[in-house]
Amino acid sequence: MYLFITMVILIIAIFFSLIRMIIGPSIWERLLALNLISAKTILLLSVYGVYKQNILLMDIAFSYGIISFLTLTLISQLVLRGGRQK
């Protein structure tokens, strides 16, 4: 029961982070919201893996974490260098 409540709270938090990403005034706040969404998605995958007793979801969450870290790093470098304007 507690795991299900935790998953519902994480989904609500992802929704609020998505709203913040849409209305964020600067690109850095949008990137921060994207980072929050990816971290909460990793938590959601992990909690769901424990809830369903499926160890494969932990591997998926770990892989998703590595991919999201690399993606956010590359997007941040792109924004710092000026993007496509150069």
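**Close-up views of helices α1, α2 and α3**

**View 1. Packing of α1 against α2.** Helix α1 passes helix α2 in a left-handed crossing. The model shown in this and the other views is predicted. Helix α1 covers residues 2–23 and helix α2 covers residues 27–52. The angle at which the two pack is about 165 degrees, and their axes lie 9 Å apart. Because angles over 145 degrees count as roughly antiparallel, α1 and α2 are described as roughly antiparallel to each other. Sorted by class, the residues of this contact are 20 nonpolar, three polar and four charged.

**View 2. Helix α2 and its buried residues.** How far apart should the ends of α2 be, given its 26 residues? At 1.5 Å a residue the expected span is 38 Å, and the end C-alpha atoms are 37 Å apart, so the two values agree. The buried residues of α2 are Leu31, Ala33, Ile37, Ser38, Lys40, Leu44, Val47 and Gly49. Among the elements that cover these buried residues are α1 and α3, the latter comprising residues 56–80.

**View 3. Packing of α2 against α3.** Helices α2 and α3 pack at an angle of about 175 degrees, with 9 Å between their axes. With that angle, α2 and α3 are therefore roughly antiparallel to each other. The contact of α2 with α3 is made up of 17 nonpolar and eight polar residues, with no charged ones.

**View 4. Ser38 and Ser68 in contact.** Ser38 lies in helix α2, and Ser68 lies in helix α3. Is Ser38 buried or exposed? Its relative accessibility is 6%, so Ser38 counts as buried. Ser68 has a relative accessibility of 11% and therefore also counts as buried, since the cut-off for buried is under 20%. With neighbours within four places in sequence left aside, Ser38 is in contact with Tyr64, Ser68 and Leu72. On the same basis, the contacts of Ser68 are Ser38 and Ile42.

**View 5. Gln53 after the end of α2.** Gln53 follows α2 and lies in the loop between α2 and α3. Which sign does the phi of Gln53 have? The phi of Gln53 is positive, at about 55 degrees, although this residue is not a glycine. Most residues other than glycine have a negative phi. Gln53 has a relative accessible area of 74% and so is exposed, because values over 50% count as exposed.

**View 6. Asp59 and Ile60 in relation to Gly49.** Asp59 lies in helix α3, as does Ile60. Gly49 is one of the buried residues of α2. Asp59 and Gly49 are ten residues apart in sequence, and their C-alpha atoms are 9.7 Å apart in space. For Ile60 and Gly49 the separation is eleven residues in sequence and 9.6 Å in space, again from C-alpha to C-alpha. Asp59 has a relative accessible area of 48% and is therefore partly exposed. Ile60, with a relative accessible area of 40%, is partly exposed as well.

Terms used
Residues numbered from 1 in each chain as written. Predicted model: local features only at pLDDT ≥ 70, side-chain atom pairs only at ≥ 80, totals over all residues. Heavy atoms only, no water. Axes fitted to C-alpha atoms, helices over the stretch in contact; angles between N-to-C directions. Helix = DSSP H or I, 4+ residues; strand = E, 2+ residues; numbered from the N terminus. Parallel < 35°, antiparallel > 145°, perpendicular 65-115°, else oblique. Left-handed = near helix turned anticlockwise from the far one by under 90°. Nonpolar A, V, L, I, M, F, W, Y, C, P; charged D, E, K, R; others polar. Expected span 1.5 Å × (residues − 1). Buried < 20%, exposed > 50% of the residue type's maximum accessible area, 1.4 Å probe, protein only. Contact = heavy atoms within 4.5 Å.
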